[in-house]
Amino acid sequence: AARIATFDVQDPGSGGEARVSRGFRELFGLPPDSRCDFPSILARVHPDDRQAFVDDHARLGAEGGRFM
């Protein structure tokens with residue numbers, strides 16, 4: 001079964017906190033009241049996938065668009 005999670009970052013390059021859905025928090029194992037910023041999310045990404053995650057985050061900060 002697939003799970004859906006959404007997030008919104010107003011300024012991807014700023015390092016600010018993201019607004020995320022309950023599904024996102026569940027998927028990434030984030031408690032409901034925890035901070036949801038880039039370092040806290042990156043720490044939960046599998047090590048083999050981190051560079052791609054970092055690269056996409058940098059692209060979003062520079063160009064905008066969709067997270068792949």
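**Exercise 1. Classify D37 as buried or exposed, then place it in the chain and find a side-chain partner.**

Solution.
- Step 1. D37 has a relative accessible area of 13%. The cut-off for buried is under 20%, so D37 is classed as buried. This value, like the others here, is computed from a predicted model.
- Step 2. As for location, D37 sits in the loop that links α1 (22-28) to α2 (38-42).
- Step 3. The partner is R35: a polar contact of 2.8 Å joins the side chains of D37 and R35.

**Exercise 2. State how many helices and strands the protein has, and in which pattern they follow along the sequence.**

Solution.
- Step 1. The count is three helices and two strands.
- Step 2. Reading along the sequence gives β-β-α-α-α.
- Step 3. For the whole protein of 68 residues, 25% are buried. About 4,900 Å² is exposed, and 53% of that area comes from carbon and sulfur atoms.
- Step 4. Take the contacts between residues at least 6 apart in sequence: 10% of them join residues at least 24 apart.

**Exercise 3. Determine which class of accessibility D8 belongs to, and what D8 touches beyond four places in sequence.**

Solution.
- Step 1. D8 is part of strand β1, which covers residues 7-8.
- Step 2. The relative accessibility of D8 is 30%. Partly exposed spans the range between the 20% and 50% limits, so D8 falls in that class.
- Step 3. With residues up to four places away set aside, D8 touches A18 and R19.
- Step 4. D8 and R19 are eleven residues apart along the chain, and their C-alpha atoms are 5.2 Å apart.

**Exercise 4. List the residues of the largest nonpolar core and name the elements that give two or more of them.**

Solution.
- Step 1. The core has eight residues: F24, F28, L30, C36, I41, L42, V45 and F53.
- Step 2. Two or more residues come from each of α1 and α2.
- Step 3. Follow I41 as one member: leaving out residues up to four places away, I41 touches F24, F28, C36 and F53.
- Step 4. As background, nonpolar side chains in soluble globular proteins tend to be buried together.

**Exercise 5. Locate S21 and identify which backbone nitrogen lies 3.1 Å from a polar atom of its side chain.**

Solution.
- Step 1. S21 belongs to the loop between β2 (19-20) and α1.
- Step 2. The nitrogen in question is that of F24.
- Step 3. Beyond its neighbours within four places in sequence, S21 is in contact with A5 and T6.

Terms used. Residues numbered from 1 in each chain as written. Predicted model: local features only at pLDDT ≥ 70, side-chain atom pairs only at ≥ 80, totals over all residues. Heavy atoms only, no water. Helix = DSSP H or I, 4+ residues; strand = E, 2+ residues; numbered from the N terminus. Buried < 20%, exposed > 50% of the residue type's maximum accessible area, 1.4 Å probe, protein only. Polar contact = N/O pair within 3.5 Å; in protein donor to acceptor, adjacent residues only side chain to side chain. Contact = heavy atoms within 4.5 Å. Areas by Shrake-Rupley, 256 points an atom, 1.4 Å probe, with all protein chains shown as cover. Core = buried A, V, L, I, M, F, W, Y, C linked by side-chain atoms within 4.5 Å.
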